[in-house]
Amino acid sequence: MRKDEVSQGIDVLDKNGSVIGSSKVAAKKALFEMAVTRAVIPIPILILPPLIMTQLEKTRFLKSRPRLHLPLNAFLATMSFAFGLPLGLSLFPQKSQIKTKQLEIELRDKTQDEIMFYNKGL
């Protein structure tokens, strides 16, 4: 889906929000940030429900009510997702920064700003 961004680049903006050009370097950085975000989002969902359910299964309450196992597990997974999604998305800002000196030479020549901005994407 996003492979075209690496080959064509993504728009980089100056501090005023004007598009300066398209950067492959910024695209690679955006893809890395997106990949880390997508890797972090499922971690709470995969870790928290099993840990909590292991402890709850030892209680007399759940042993006497085995039909609550599935709804309780679903509830814990939903709450873990509700916690994990904002956590993962907040790792990197939506509008990320990159130093102008890290960009391609043709983009460096178009601006005097030291910092450029790009949309990380999801």
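**A guided look at a predicted chain**

Guide: Start with Asp-113 and Lys-15, whose side chains meet in a salt bridge, 4.0 Å from N to O. The model is predicted, with local features needing pLDDT of at least 70 and side-chain atom pairs pLDDT 80 or more, while totals for chains, interfaces and linings use all residues. Residues are numbered from 1 along each chain as its sequence is written, and side-chain values use heavy atoms, leaving out hydrogens and water.

Visitor: What makes the Asp-113 and Lys-15 pair a salt bridge?

Guide: The term asks for a side-chain nitrogen of Lys or Arg within 4 Å of a carboxyl oxygen of Asp or Glu. Here the N to O distance is 4.0 Å, so the pair qualifies. The whole structure holds 1 salt bridge.

Visitor: Which parts does the pair tie together?

Guide: Asp-113 is in the loop between H6 and E4, and Lys-15 is in the loop between E1 and E2, so parts 98 residues apart in sequence are tied. Helices (H or I, at least four residues) and strands (E, at least two) are DSSP runs, numbered from the N terminus.

Visitor: Is Asp-113 buried or exposed?

Guide: Buried means under 20% relative accessible area, exposed over 50%, and partly exposed in between (1.4 Å probe, protein chains only). Asp-113 has 17%, so it is buried. Lys-15 has 61%, so it is exposed.

Visitor: And why does Ala-74 count as partly exposed?

Guide: Its relative accessibility is 41%, so it falls between the two cut-offs. Ala-74 sits in helix H5, residues 69–89. Its C-alpha atom is 8.6 Å from that of Pro-49, 25 residues apart along the chain.

Visitor: Why does Ser-96 count as buried?

Guide: Ser-96 has 2% relative accessibility, so it is under the cut-off. It lies in strand E3. Its side chain has a polar atom 3.0 Å from the backbone oxygen of Pro-93. Setting aside residues up to four places away in sequence, Ser-96 touches Glu-33, Met-116, Phe-117, Tyr-118 and Lys-120. Contact means heavy atoms within 4.5 Å.

Visitor: Which side chains along E3 point to one face, and which to the other?

Guide: Ser-96 and Ile-98 point to one face and are buried. Lys-95, Gln-97 and Lys-99 point to the other and are not buried.

Visitor: What makes E3 and E4 a pair?

Guide: Pairing takes at least two bridges found by DSSP. E3 and E4 (residues 115–119) have 5 and run antiparallel, so they pair. Ile-98 has Met-116 as its bridge partner in E4. E1 (residues 10–13) and E2 (residues 19–23) also pair, antiparallel, over 4 bridges.

Visitor: How do you know that Glu-104 has no salt bridge?

Guide: The nearest side chain of opposite charge, Lys-24, is 6.7 Å away, so the salt-bridge limit is not met. Lys and Arg count as positive and Asp and Glu as negative; His and the chain ends are not counted. Glu-104 is buried all the same. Beyond neighbours within four places in sequence, it contacts Ser-23, Lys-24 and Val-25.

Visitor: Why is the protein chain called more spread out than a compact globule?

Guide: First, the make-up: the chain has 6 helices and 4 strands. Its radius of gyration is 22 Å, well over the 14 Å that the globule rule gives for 122 residues, so it is more spread out than a compact globule. That radius is taken over C-alpha atoms, and the rule is 2.2 Å times the number of residues to the power 0.38. The C-alpha trace spans about 70 × 25 × 20 Å along its principal axes.

Key
Polar contact = N/O pair within 3.5 Å; in protein donor to acceptor, adjacent residues only side chain to side chain.
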